Amino acid sequence: MKDKSAKEEWLYGFNPVLEAIKSGRKIKTVYISKQRHEQVDKIVELAKSEGISIEFADKDFFDSKFHKGHQGVAAVAEKRQILSTDELLSISEKREESAFFLILDLIEDPRNLGAILRVADAAGVHGVVFQSHRSAGITPIVSKASAGALEYVNLAEVVNIKHAIDKMKNLNITIIGAEAGSELTPWDIDLKSPLAFVIGSEGMGLRKTVKEMCDFVVSLPMKGKVNSLNVSVATGILSYEVIRQRLKRSE
């Protein structure tokens, strides 16, 4: 579904629309199916309390515009705010926390990107950097796959992630690539210091030039017969090892 204008975009699904309203994103109109169920009443009440326009539409309206899973809810919203790299990198300093970023090296599947953003929100990642070309952009599918987490994750879209990596290295942020085949595991490395995980694409992994910029490259041990994990699952495991180590330090 294309944007209605350069400054607006569609959202669909219960959680994406609900969280967009709750997060304070400017919503122009909420669309509700005439065959709505009780759960959607929560969105209707919240939209009314925020002074957001509500329109009721037939199921065909939703089926013709959105992918499966729209749940009879959609909205036209102001485009999601994207930060500059410098703005993103200042977040951990302002919070007086050890930096924790994700850098996505050409993640192309919007559902994988959405799932990664859901992990990033849950794990308290300070921000996610992704490339503007050859990557999944921020779309309604990404929002739906993130279950609304898109509204709370700080994002920086860059022309080339290698420039972002250079900036991070200049700030003494350790760059850790994630790719199958490395002898190092995440628990072999001190993850309490400022860091960024670089997550490779679904099919190709890390590009050679990106891998060469990493201070470390780690792999998750594989004990089964299938030799890889879904990229969002692997990101979740890596992110929670960061949490485990940092919580252990604070005990």
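Mentor: Two residues are in contact when heavy atoms of theirs lie within 4.5 Å. Keep that in mind for what follows; the model is predicted.

Trainee: Which strands does helix α1 lie across?

Mentor: Helix α1, residues 14–23, lies across β1, β2 and β4. Its direction makes about 130° with that of β1. Helix α2, residues 41–49, lies across β2, β3 and β4 and runs at about 155° to β2.

Trainee: What is the order of the strands in the open sheet of four?

Mentor: The order is β1-β4-β2-β3, and the pairing is mixed. To find the edges, look for strands with a single partner. Here these are β1 (8–12) and β3 (53–57), so one side of each has no neighbour in the sheet. Neighbouring strands are turned by 20° against each other on average, with direction ignored.

Trainee: In which sense do β2 and β4 pair, parallel or antiparallel?

Mentor: Strand β2 (residues 27–33) and strand β4 (residues 73–78) are antiparallel, with five bridges between them. Within this pair, Tyr31 faces Ala74 of β4.

Trainee: What is the strand order in the open sheet of six?

Mentor: Read across, the order is β7-β6-β5-β9-β8-β10, and the pairing is parallel. The edge strands are β7 and β10 (216–218), each paired on one side only. From one strand to the next the twist averages 25°. Take one pair as an example: β6 and β7 run parallel and are joined by four bridges. Val128 has Leu155 in β7 as its bridge partner.

Trainee: Which strands of that sheet does helix α4 touch?

Mentor: Helix α4, residues 85–95, packs on the sheet and touches β5, β6 and β7, at about 150° to the direction of β7. Helix α5 also lies across β5, β6 and β7, running at about 170° to β5.

Trainee: How many residues does α5 have, and what span does it reach?

Mentor: α5 has 14 residues and reaches 20 Å from first C-alpha to last, close to the 20 Å expected at 1.5 Å a residue. Next, check its ends. Asp109 caps the N-terminal end, with a side-chain oxygen 2.8 Å from the backbone nitrogen of Arg111. After α5 comes Gly124, whose phi is positive, near 75°.

Trainee: Which residues of α5 are buried?

Mentor: Start with the general idea. An α-helix has 3.6 residues a turn, so residues three or four places apart point the same way. The buried residues of α5 include Leu113, Ile116, Leu117 and Ala120. Asn112, Gly114, Val119 and Ala123 are buried as well.

Trainee: Which residues touch the most other members of the largest nonpolar core?

Mentor: Val128 and Phe197 do, in a core of 31 residues. The elements that give two or more residues to this core are β5, α5, β6, β8, β9 and α9. The largest share, five residues, comes from α5. Leaving out residues up to four places away in sequence, Phe197 touches nine listed by name, among them Phe100, Ile176, Val218 and Leu238. Apart from this core lies another, of 23 residues, including Ala156 and Val210.

Trainee: Is Ser146 buried or exposed?

Mentor: The cut-off for buried is under 20% relative accessible area. Ser146 has 1%, so Ser146 is buried. Its place is in the loop between α6 (140–145) and β7 (155–158). A polar atom of the Ser146 side chain lies 3.1 Å from the backbone nitrogen of Leu150. Beyond four places in sequence, Ser146 is in contact with Gly114, Leu117 and Arg118. Of these contacts, Gly114 and Leu117 are among the buried residues of α5.

Methods. Residues are numbered from 1 along each chain as its sequence is written. This is a predicted model: local features need pLDDT of at least 70, side-chain atom pairs count only at pLDDT 80 or more; totals for chains, interfaces and linings use all residues. Side-chain values use heavy atoms; hydrogens and water are left out. Buried means under 20% relative accessible area, exposed over 50%, partly exposed in between (1.4 Å probe, protein chains only). A polar contact is a pair of N or O atoms within 3.5 Å; within protein, one must be able to donate a hydrogen and the other to accept it, and residues adjacent in sequence count only if both atoms are side-chain atoms. A nonpolar core is a set of buried Ala, Val, Leu, Ile, Met, Phe, Trp, Tyr and Cys residues joined through side-chain atoms within 4.5 Å. Two strands pair if DSSP finds at least two bridges between them. Axes are lines fitted to C-alpha atoms, for helices over the stretch in contact, and angles run from 0 to 180 degrees between N-to-C directions. The expected span of a helix is 1.5 Å times one less than its number of residues.
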